[in-house]
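Good morning, and thank you for making time for this presentation. Please take a moment to look over the sequence and the structure before I begin.

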Amino acid sequence: DFGTRHSHDIMDYVFSHFIGIFLAAAAFLLIYVAIKGRKSHMSCKLILPSLASGVIWGIAQVAWFQANIELGFAVAFPIIGSLPGIIGLFIGLCCLGEVKTCRSRIFAGLGMLLRVPGVL
């Protein structure tokens, strides 16, 4: 119980969650630059993909928070824990050609057999 002064809506805490992550990342970046100095590697080509990745991650976090509210932890956690790996394996197999050998296909299939029932 949070008490009467605190919100019971988890979505009210999302902004502070993201601000905390941003401040921690900014602090780590400043420490990295302070240690490496001129030898630090920060290509301008990395800025837009990094921002896009962060936005996609933020959307996924909000979706997870909402899924926990709507579905409950027992249903939402197996989905959020397994589904990204299943999708990543599917994209790697079909689009990127990452799974080439027979041995790797067997391990990928075994991994799928273990993960899919948890999501269903």
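I shall speak about a pocket, a surface patch and three individual residues.

Please keep in mind throughout that this is a predicted model.

Let me begin with the largest pocket. It holds about 290 Å³ of space. Its lining consists of Leu29, His41, Met42, Ser43, Leu46, Ile47, Ser50, Leu51, Gly54 and Val55. Which element supplies the largest share of that lining? That is helix H2, residues 47–71, with five residues. In terms of class, six of the lining residues are nonpolar and four are polar, while charged residues are absent.

Helix H2 also carries leucine 48. Is leucine 48 buried or exposed? Its relative accessible area is 65%, and because the threshold for exposed is over 50%, leucine 48 is classed as exposed. As for its distance from arginine 105, the two are 57 residues apart in sequence, and their C-alpha atoms lie 34 Å apart in space.

I turn now to helix H3, which spans residues 73–94. Phenylalanine 77 belongs to this helix. With a relative accessible area of 52%, phenylalanine 77 is exposed. Between phenylalanine 77 and tryptophan 64 there are 8.6 Å from C-alpha to C-alpha, at a separation of 13 residues along the chain.

Leucine 83 is also placed in helix H3. Its relative accessible area is 32%. Since that value falls between the limits of 20% for buried and 50% for exposed, leucine 83 counts as partly exposed.

Finally, the surface patch. Leucine 83 joins Ile87, Phe90, Ile91 and Leu96 in a nonpolar patch on the surface. Together, these five residues present about 470 Å² of accessible area.

Thank you for your attention.

Note on methods. Residues are numbered from 1 along each chain as its sequence is written. This is a predicted model: local features need pLDDT of at least 70, side-chain atom pairs count only at pLDDT 80 or more; totals for chains, interfaces and linings use all residues. Side-chain values use heavy atoms; hydrogens and water are left out. Patches are made of residues with over 30% relative accessible area and no salt bridge: like charges are joined within 9 Å, nonpolar side chains (Val, Leu, Ile, Met, Phe, Trp, Tyr) within 5 Å. Accessible areas come from the Shrake-Rupley method with a 1.4 Å probe; for residues, only the protein chains shown count as cover. A salt bridge is a side-chain nitrogen of Lys or Arg within 4 Å of a carboxyl oxygen of Asp or Glu. Helices (H or I, at least four residues) and strands (E, at least two) are DSSP runs, numbered from the N terminus. Buried means under 20% relative accessible area, exposed over 50%, partly exposed in between (1.4 Å probe, protein chains only). On a 1 Å grid over the protein atoms alone, a cavity is a set of points where a 1.4 Å probe fits but cannot get out, and a pocket is an open set with protein on both sides within 12 Å along at least five of seven lines; lining residues have an atom within 4 Å of a point. Grid points are joined across faces, edges and corners, and a volume is the space filled by probe spheres set on the points. Ala, Val, Leu, Ile, Met, Phe, Trp, Tyr, Cys and Pro count as nonpolar, Asp, Glu, Lys and Arg as charged, and the others, Gly among them, as polar.
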